[in-house]
Amino acid sequence: SYSFCTLLDASIMTFPTASANGTGTWSETTPAMYLDQHGFIISPKDEVPDPQTLRETEREHKNVDKWMKMIGKWDCTTQHYKKLKRRVRKGIPQTLRGLAWQLLLGSRELQLQNKGLYETLKNREMDPKLCEIAKRDLSRTFPTHALFLSADGVGQVSLFKVLQAYAVYDPRIGYCQGMGFIVATLLTQMSEEEAFWAFVVLMRDQKYNLGDMYLPGFPRVQECFRMVELLIQKHNPTLATHLIDEGVVVTCFASQWFMTLFVYLFPFKLVLRIWDMFLTERWKVIFRVALYLLLSEAPLLLTLKMEGILQKLKTLHNNKTPDEIIREANKLKVTNRELEQLAISIREENQAG
């Protein structure tokens, strides 16, 4: 199956816009809609890709053959983890990203083992209260992406079906705000059922365990906040002290980082590159990126008061290319083992009172 972005490939495309009543029907009288390579609406003045985008596209095309061979011999590929990690960090080609993600997650195998289950799940009703909340959130998820423009369009319909099926599949979690951004990102890369099983792995597999982010009371989110605090203290004690003195706590700015894996705030092409690595290298990627962005702007943050800091924290990624962020973030010595040890110590600290 082809994802929307596979069809777009790396070109800027134009389509007539949906009718004003939001029904999703096409009209010859409406103006053209300009889309970037990922399906997001852009201004006509941005129709011509910038030099950085052209360089990235050229590099992607050169890597397609390598990735085709890797995917064709996936069992062999996974036996050479360092090589796989190195190539993932350079970016998975857009045309192969959906398939590569499924292979990295192992969700294709899970889907094959559970033939017909998704069809059953999506036709069962979720809790009415959760259903109302989920439907209300649909239009807020990627409102400028071509897939998700209209309430009865393919994107919003598929998004709701996946969320509904998961709420039935895992009543412990049900539905929580933030989950829609994860599923929508998957839907831009793969089919509806493929997105469901990829989401199941992200939520329930011990390597990712994203479901714990959405448990009542958000204990895992609070744990991540504390881990960020400790990492800032370790890598830049002066910045840590300044944030405390100004009353800026991690909860003020990092909840969307962790609950949407950066989808809510970051440019989509950066999100995709981060996710490439996250699916391969797990949570150290998220913490490295978060820490790098904070440390890179530390000289400026140290000069700002609370309001200025909070504003700056929303734009830490500005004027940085995905290549730069990934290269510099991976220089930081943050490992999965260290994160696991921090989590254990935080839980012990909480139990002690």
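**Exercise 1. Overall make-up**

What percentage of the 353 residues in the protein chain do buried residues make up? Then list the secondary structure and judge the contacts by sequence separation.

*Solution.* The model is predicted. Step one: apply the burial cut-off, under 20% relative accessible area. Buried residues come to 52% of the 353 residues in the protein chain. Step two: count the elements. The chain has 20 helices and three strands. Step three: take the contacts with a separation of 6 or more. Of these, 72% join residues 24 or more positions apart.

**Exercise 2. The largest nonpolar core**

Find which residues of the largest nonpolar core touch the most other members. Then trace the contacts of Tyr-214.

*Solution.* Step one: take the core as a whole. It holds 111 residues. Step two: pick those touching the most other members. They are Trp-67, Met-179, Tyr-214, Trp-257, Phe-258, Trp-283 and Phe-287. Step three: ask which element gives the largest share. Helix α16, residues 284–296, supplies ten residues. Step four: follow Tyr-214, leaving aside neighbours within four places in sequence. Tyr-214 is in contact with Ile-173, Cys-176, Gln-177, Gly-178, Met-179, Ile-182, Met-203 and Met-259. Step five: set this against a general tendency. In soluble globular proteins, nonpolar side chains tend to be buried together.

**Exercise 3. The two sides of α8**

Work out where the buried residues of helix α8 (residues 128–138) sit around its axis.

*Solution.* Step one: list the buried residues. They are Cys-131, Ala-134, Asp-137 and Leu-138. Step two: check their directions. These residues span an arc of only 130 degrees around the axis, so they lie on the same side of α8. Step three: recall helix geometry. An α-helix has 3.6 residues a turn, so residues three or four places apart point the same way. Step four: look at the face turned away from the buried side. Pro-128, Lys-129 and Glu-132 are the exposed residues there. Step five: find the cover. The buried residues of α8 are covered by elements including α9 (154–169).

**Exercise 4. The cavity**

How many cavities of 30 Å³ or more does the structure hold? Describe the lining of the largest cavity.

*Solution.* Step one: count. There is one cavity of 30 Å³ or more. Step two: give its volume. The largest cavity encloses about 170 Å³ of space. Step three: list the lining. It has 16 residues, and Glu-56, Glu-60, Arg-97, Lys-269 and Arg-273 lie nearest the centre. Step four: assign elements. Both α2 (51–72) and α15 (268–281) give two or more residues to the lining. The largest share, six residues, comes from α2. Step five: sort by chemistry. The lining divides into seven charged, six polar and three nonpolar residues.

Conventions: Residues numbered from 1 in each chain as written. Predicted model: local features only at pLDDT ≥ 70, side-chain atom pairs only at ≥ 80, totals over all residues. Heavy atoms only, no water. Core = buried A, V, L, I, M, F, W, Y, C linked by side-chain atoms within 4.5 Å. Buried < 20%, exposed > 50% of the residue type's maximum accessible area, 1.4 Å probe, protein only. Helix = DSSP H or I, 4+ residues; strand = E, 2+ residues; numbered from the N terminus. Contact = heavy atoms within 4.5 Å. 1 Å grid on protein atoms, 1.4 Å probe; cavity = no way out; pocket = protein on both sides within 12 Å on 5 of 7 lines; lining within 4 Å. Points joined across faces, edges and corners; volume = space filled by probe spheres on them. Nonpolar A, V, L, I, M, F, W, Y, C, P; charged D, E, K, R; others polar. Arc of directions from axis to C-beta.
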